[in-house]
Amino acid sequence: MLLQVGGKRSALGLLAIRRVWSMSRSAHTAPQTLEYKPIKKVMVANRGEIAIRVFRACTELGIRTVAVYSEQDTGQMHRQKADEAYLIGKGLPPVAAYLHIPDIIKVAKENGVDAIHPGYGFLSERADFAQACMDAGVRFIGPTPDVVRKMGDKVEARAIAFSAGVPVVPGTDGPISSLQQAQEFSNSYGFPIIFKAAYGGGGRGMRVVREYEELEENFQRAYSEALTAFGNGALFVEKFIEKPRHIEVQILGDKYGNVIHLYERDCSIQRRHQKVVEIAPAAHLDPHLRDRLTADSVNLARQVGYENAGTVEFLVDKHGKHYFIEVNSRLQVEHTVTEEITDVDLVHAQLRVCEGRSLPELGLKQDKIRINGYAIQCRVTTEDPARGFQPDTGRLETNIPFLQNVLSNNQFLNATVDTQFIDENPDLFNLKPVQNRAQKLLHYLGHVMVNGPTTPIPVKAKPSPIDPVIPPVPLGEPPVGFRDVLLREGPDGFAKAVRAHQGLLLMDTTFRDAHQSLLATRVRTHDLKRIAPFVAHSFSNLFSVENWGGATFDVAMRFLCECPWRRLQEMRALMPNVPFQMLLRGANAVGYTNYPDNAVFKFCEVAKENGMDIFRVFDSLNYLPNMLLGMEAAGAAGGVVEAAISYTGDVSDPTRQKYSLDYYLKLADELVKAGTHILCIKDMAGLLKPDSGHLLVSALRDRFPDVPIHVHTHDTAGAGVAAMLACAEAGADIVDVAVDSMAGMTSQPSMGAIVACTKGTKLNTGISLEKVFDYSEYWEVTRGLYAPFDCTATMKSGNADVYENEIPGGQYTNLHFQAHSMGLGNKFKEVKKAYAEANKLLGDLIKVTPSSKIVGDLAQFMVQNSLTRAEVEERADELSFPLSVVEFLQGHIGIPHGGFPEPFRSKVLKSLPRVEGRPGASLPPLDFQALEKQLRDAHGDEITPEDVMSAAMYPKVFQEFKEFTRTFGPVDCLDTRLFLDGPKIAEEFEVELERGKTLHIKALALGDLNKAGQREVFFELNGQLRSVLVKDTMAMKEMHFHPKALKDVRGQIGAPMPGKVVEVKVKQGQQVEKGQPLCVLSAMKMETVVNSPLSGTVAKIYVTADSTLEGDDLILEITE
């Protein structure tokens, strides 16, 4: 595949050539010994783009075309572009098929082919092929067999050049085929030297050797490559010239002794001796040097009677001296840039010369060839520059980003490059990643169509086919809300305004906490964004919207494959007037573990910068040191601090004294003393009955008349609305609600019910009930899209037994799901009883994430092992408890009120260490600069401060998220049904990548399983056919595949690229040193030595010679 940048074409175009030929034919008298014989049918003994290039020229000249193809190339385009196509080399590997001369000649003879064009590579420089064509009575479009032989033999070509007076680089007098001959040459001329294939080019069989120790290995690699690529491993050796320019001259000869040049090309930009960029003409080339190069090329061609197209190649050293290196007796890949600057169609000329036309007849005289502008050709390959140009698999990755860096490099722009340009400019490999979003999304959709959802689905329910309707939203900016007060007066002024407000304020939890089940954490930004403008316009008098933090932070990356920070940014833009509220787990931030203090402070800072306003700070044990750290971090960031007292027990029950009214009042004293702006009661299990709620809020209001009080509960028992109204009557300023269709059961109380019940009273919310109905209708339909995660799939009502088992809302639904998925649905009552017993075993805890999970883990452990509370206490020193239980007893999440249960704790821990004091206090500060550098090294310079924060909180989850988006693109653009279930065949849909950029996609078909365990999925994208190959994970489990090397296992050596094993250089049990060759791989006819990255013993070898490998396939294992 070629990218070309051409100068303006001159008047001597194709039609002009024809016109000049017709006018001059009568004036030019060709020697009578030759006869003009028109070609009627041409075969191209090649494949790919060069075959198509020749076919195009033939079609323009009215010549019929024939393609040949290997079994592996059955579906290739060159076969389709020809008038006729025939299989060659049946049963042979692909390269061997195109080297099979008898088959090619047989097809030509059987199908009336007049002439064969060899293209480039394969047989294009094989004299025996040219001779076989002539022997069969088929013309060879190229030089005569004798000239091909002389020019193909690099040693003989050097001798001819020498006799023609053309400077040559010192080299061997003839081809060599033994290491001893190479050693003799190096002893005479010293290093560096270069091996070159004697019977082919293109960088194959070419190796530079700089010291004696490298000689044997490089000789073997060069010989093997040459043998594979050209059928002959013979080499010749030259003295290697350091940092030359590589200049080649295009020549064209006819059967009458006429030879012209079409000026030069600069091919200095190379890797592994293969050209990457070609420029015609060479920039800043001394005119006298140009004259010498072109004159030497023409003289050399005349010396051998050269006919047809060819290239004479030179190296030019830093002193301006030029040296002949070889003649390529064929058309070259880069011939197109010469065509651009001279306006001469070289393939047309090849065909006409082969027919017997002379160059003057074709209007091709030296004085008429002019340079007109510049042309650049860049070779686009499926190689990965970031991995040393190793061949890459798949259809997407190319070297285009690398080429863009080359074209913008100052050294390139100043035309001062040499053959070491790539090696000496490592910045060329700082590749800007391409987005390729559309193709990645097709890959994702195909993956879901083949393998099902990427996010785990707890129940077998399909998303609803009905799309939600967004209620009308007025034009213009939304009304002023409480956020305007906060921005104007700051957190203290905001708190005063809340306290002074007449009526009851509501916080809407619909955007995050609603239903406290899997549903709460699975709702996607896509659906939140659609309703956000309506909320901003219709509910501007909300106290706040809870839309971020807590469990939704990591789940956004882990299961929804979207960035939590981007969610916050986009929501902020759509709801500028309503305060946002998040859940901060004290010293645990939004995680489940302890973080260094500076990480918690930095998190709050970044959250505030991205639009967060109110930080509800809590600790799962009400452990004051953890809470105080979170409060301090939120306050330092400039946020509103809402310290939350996690509620359990029953303050109205005099028999329950551990968590008494006095306990809560004393804790509130500490929190207010620490400077909280708002005091919150966080009733995670929905245990606040109307009486206990009234009692607690009344006591707090009496104690703190100026501090706003905010109450959060769950409606698991069904008494949530009554409890919130009782709290409001007692003096609460704010209560939490969810919109009706997302309320009830383990969610918050109904927004509509609270609004209706307070209407016309002193607690009037000021919210329109009609707007609540519209809001609820949207969420009722949207909820259907998340049917696989909805607790109502297994749970049909709330249950007042929560007053006994005290299971928090979110955990209640999750345990219900888990019980059903484990086949314990009929034992859920037993699970709930075990939860209450586990809570007592652990000393009667405050139960909020993560302490609630610890109780739940112990409860399931008891049910699975049929253990009673008494049995657990008795056998505590011998049972293998869940890790979360052990770590809790060690003190990893803090110290519970009343201390740890003894002797249970001591029996479980035995000699295990205990954490004293606040768990995070002893952690060293997190080095954010080092983390950012690490992330940039791994993911490029697009890393943001928000990304750094995500990695600090959840390193593994963030890494997996980045890998996912690198593969599948921005899946958050997809609507929810497509994200979860993929499209149906023939379904048409749109995907908005960004404002003004919309993809029109239609799913067309799902292919059959291939031998690699893949299915091809076909789409129409913006009217064009696209397809993706997707691994069928279920099918692959039943098929045998080579194991992959695990990147995090140091001794597993994987294939650095796809290819074939040429040689295994070690044996099982052998001791190897770091850097020692282990095996040799061949790909794209280039050989690569895989060296050992460490010293050790070869434990196991997974490959043999001729094994075909994919990238990262396991080669062998080494133990240190």
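# Notebook: strands, core and charges

**Entry 1: strand β10**

I opened the file at β10 and found that I251 has G310 as its bridge partner in β13. A reminder to myself before going on: this is a predicted model. Strand β13 covers residues 308-316, and I counted nine bridges between β13 and β10, with the antiparallel sense throughout the pairing.

Next I looked up the other neighbour. Strand β11 (residues 259-271) also runs antiparallel to β10, and six bridges join the two. Here E248 of β10 sits opposite R265 of β11. Five residues lie between the strands in this hairpin, and I noted a positive phi near 90° at G257.

Is β10 enclosed or open to the outside? Nine of the nine residues in 245-253 are buried, so the strand is largely enclosed by the rest of the structure. I then sorted the residues by direction: R245, I247, V249, I251 and G253 point one way, while H246, E248, Q250 and L252 point the other way, and all are buried.

**Entry 2: salt bridges**

E248 made me curious about charges. I found E248 and R265 again in a network of salt bridges that also links K275, E278, E313, E334 and R379. Over the whole structure, the search returned 69 salt bridges.

I picked three pairs to look at one by one.

- R56 and E60 form a salt bridge with the closest N and O atoms 3.8 Å apart. Both lie in helix α2 (residues 48-60), four residues apart, about one turn of the helix. R56 has 45% relative accessibility and therefore counts as partly exposed; E60, at 36%, also counts as partly exposed.
- E837 and K840 form a salt bridge, again with 3.8 Å between the closest N and O atoms. Helix α31 (residues 828-841) holds both of them, three residues apart, about one turn of the helix. E837 is partly exposed at 26% relative accessibility, and K840 is partly exposed at 45%.
- E238 and R158 meet through their side chains in a salt bridge, 3.4 Å from N to O. This pair links distant parts of the chain, 80 residues apart, with E238 in strand β9 (residues 235-239) and R158 in helix α8 (residues 154-163). E238 counts as buried at 2% relative accessibility, and R158 counts as buried at 8%.

**Entry 3: the largest nonpolar core**

I turned to the nonpolar side chains. The largest nonpolar core has 145 residues, and the members that touch the most others are L506, F511, F603, V711, Y775 and M953. Helix α16 (residues 437-451) gives the most to this core, contributing eight residues.

Which residues does Y775 touch, leaving out those up to four places away in sequence? My list reads D508, T510, F511, I531, F534, V535, F539, V739 and M751. F511 is thus both a contact of Y775 and one of the residues named for touching the most other core members.

M953 led me to helix α37 (residues 945-953), where eight of the nine residues are buried, so the helix is largely enclosed by the rest of the structure. The buried residues are E946, D947, V948, M949, S950, A951, A952 and M953. They pack against α20 (551-558), α21 (564-574), α22 (597-609), α36 (928-939) and α38 (955-968).

**Entry 4: an open sheet further along the chain**

I traced an open sheet of four strands, in the order β30-β37-β35-β32, with antiparallel pairing. At the edges stand β30 (1052-1054) and β32 (1071-1072), each with a single partner strand, so one side of each has no neighbour in the sheet. Between β30 and strand β37 (residues 1114-1119) I counted three bridges in the antiparallel sense. One detail for later: L1116 is the bridge partner of I1053 in β37.

**Entry 5: cysteines**

How many disulfides does the structure hold? I found zero. To see why, I checked two cysteines against their closest partners. The sulfur of C680 is 11 Å from that of C727, the closest cysteine sulfur, which is too far for a bond. For C757 the closest cysteine sulfur is also in C727, at 14 Å, again too far. Their surroundings I noted too: C680 is buried at 0% relative accessibility, whereas C757 is partly exposed, with a relative accessible area of 46%.

Terms used
Residues are numbered from 1 along each chain as its sequence is written. This is a predicted model: local features need pLDDT of at least 70, side-chain atom pairs count only at pLDDT 80 or more; totals for chains, interfaces and linings use all residues. Side-chain values use heavy atoms; hydrogens and water are left out. A nonpolar core is a set of buried Ala, Val, Leu, Ile, Met, Phe, Trp, Tyr and Cys residues joined through side-chain atoms within 4.5 Å. Buried means under 20% relative accessible area, exposed over 50%, partly exposed in between (1.4 Å probe, protein chains only). Contact means heavy atoms within 4.5 Å. Two strands pair if DSSP finds at least two bridges between them. A salt bridge is a side-chain nitrogen of Lys or Arg within 4 Å of a carboxyl oxygen of Asp or Glu. A disulfide is a pair of cysteine sulfur atoms within 2.5 Å.
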